[in-house]
Amino acid sequence: MDKQRDFVLRTIEERGIKFIRLWFTDVVGTLKSVAIAPAEVEGAFAEGLGFDGSAIEGLTRSFEADVLAHPDPTTFQILPWRGEIDPTARMFCDIMTPDGQPAVADPRNVLKRTLAKAADRGFTFYTHPEIEFYLLKSSKYGKNGPVPVDQAGYFDNVPGGTAHDFRRRSVRMLEDLGISVEFSHHEAGPGQNEIDLRYADALTTADNIMTFRTVIKEVAIEQGVYATFMPKPMSEHPGSGMHTHLSLFEGDTNAFFEAGAQYQLSKTGRQFIAGLLKHAPEITAVTNQFVNSYKRLWGGDEAPSFVCWGHNNRSALIRVPLYKPNKGQSARVEYRAIDSAANPYLAYSLMLAAGLKGIEEGYELPPEAEDNVWGLSDTERRALGYRQLPASLDHAIQYMEESELVAETLGEHVFNYVLLNKRQEWKEYRSQVTPFELDKNLQML
């Protein structure tokens, strides 16, 4: 760590960095930033940067407001969009109390705690997200809703199209920040795009997702368009998910791989899936944390609505991708419910905790879904034992309130704050009178 700090200080001097942004997130997953001068970096490494945590969503209680932001030197990167005039870098921070303890409400710390529990069992948790978002002509919208930048569809090639230039610029910027990109393409909705990040340990991935969102927003501003990670911005078009591929490694060995087993999936992998399935409804208020998230989950267009798994079955909540011969290291499972607006630190904590619970308790994996789950009747789904994911934020809150797994993983403070925040959002949503109601009822009743 001392060597990394020395590298950061040396790079700041050699590259003429003028500002260093210290980044962290609140409990909802909003990125927070404070800029310090180069002369203050060494002191921030040694003592942290103090601020009033009670002013940040869910971070502290008012009577214990003082917290310290300690920059993580391993996350140092120069921000490419700031240019050469005022070179600026960033580092993610761990939030600490004045007595040197990790702040219980720091989402990054929540994930680090869960990863430490996995490490105690010999596991390293790797994730690979496929991040979808919409490009709109503006953040403003009229009666017909937001206006996308194009009318293209899945994998469409649009010569001279806005999305091509946008993705090319975004990928270059991400690479400049040390974030490796695997794929980028136009998604199914008009103006909808997807960029997939390469596999990394879950903490690095969560940091990368927060950086990714900032890069996408910055490139959009630069190119005169608007980018949104809203789960379902247009009712008639697909929502934006963040399908995430998950795997556990024991040293250099993929714990999900077993040669000769069905789908080459090991007992550990099957128990991990079983844990995710059992606890999926309980974690949905975090993986899908907004009222709008449930418009995506229950709006069709390949979003999962039922708790089941399948081999390469895109209608299932959990998919086991096709096995690549001679590539046992690539064995993984894909969780398809999580959307692009989730707080990745908390969401990945709960996904890992659910999977580990399945391993610890020896959960049995139910039979796989072989058919298109959306095409089945309710009676058929009940007969097959497919439970529903929560149908609304209110429904998800009810599951979360009763969950020992979520309470234990998030910790009391974060658990209570998330519930408080989501109850308030549901209350505000429920109390409104929508245009739908007015159009349907005002003149008729």
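How much space lies in the second largest cavity? About 60 Å³. Keep that figure in mind; the tour comes back to this cavity. The model on screen is predicted.

**Stop 1: two helices**

Select residues 162-176, helix α4, and residues 202-222, helix α5. Their axes come within 10 Å and cross at roughly 135 degrees. That angle makes α4 oblique to α5, because oblique is the class left once roughly parallel, roughly antiparallel (over 145) and roughly perpendicular (65 to 115) are set aside. The crossing of α4 and α5 is right-handed.

Now show the side chains. On α4, the contact is made by Phe166, Arg169, Ser170, Met173 and Leu174. On α5, pick Phe212, Val215, Ile216, Val219, Ala220 and Glu222. Colour this contact by class: eight residues are nonpolar, one is polar and two are charged.

**Stop 2: the second largest cavity**

Hide the helix pair and look for enclosed space. The structure holds four cavities of 30 Å³ or more. Go to the second largest, with its space of about 60 Å³. Select its lining: Val27, Val28, Ala285, Val286, Gln289, Asn343, Leu346, Val418, Asn421 and Lys422. Two elements give two or more residues to this lining, α6 (267-287) and α12 (412-431). Which element gives the most? α12 does, with three residues. By class, the lining of this cavity divides into six nonpolar, three polar and one charged.

**Stop 3: the largest pocket**

Move on to the open spaces. The largest pocket has a volume of about 1,000 Å³. To find its centre, select Tyr141, Pro146, Met230, Lys232 and Pro233, which lie nearest to it among the 27 lining residues. Next, highlight β11 (226-228) and α13 (435-441), the elements that give two or more residues to the lining. α13 gives the most, with four. Colour the lining of the largest pocket by class: eleven residues are nonpolar, ten polar and six charged.

**Stop 4: the second largest pocket**

The last stop has a volume of about 870 Å³. Which residues are closest to the centre of the second largest pocket? Select Glu130, Glu194, Asp196, Arg314 and Arg319, out of 38 that line the pocket. Then show the strands β7 (124-136), β8 (181-186), β9 (192-197) and β12 (244-250). Each gives two or more residues to the lining. Finish with the classes: the lining of the second largest pocket has ten nonpolar, 13 polar and 15 charged residues.

Key. Residues numbered from 1 in each chain as written. Predicted model: local features only at pLDDT ≥ 70, side-chain atom pairs only at ≥ 80, totals over all residues. Heavy atoms only, no water. Axes fitted to C-alpha atoms, helices over the stretch in contact; angles between N-to-C directions. Parallel < 35°, antiparallel > 145°, perpendicular 65-115°, else oblique. Left-handed = near helix turned anticlockwise from the far one by under 90°. Contact = heavy atoms within 4.5 Å. Nonpolar A, V, L, I, M, F, W, Y, C, P; charged D, E, K, R; others polar. 1 Å grid on protein atoms, 1.4 Å probe; cavity = no way out; pocket = protein on both sides within 12 Å on 5 of 7 lines; lining within 4 Å. Points joined across faces, edges and corners; volume = space filled by probe spheres on them.
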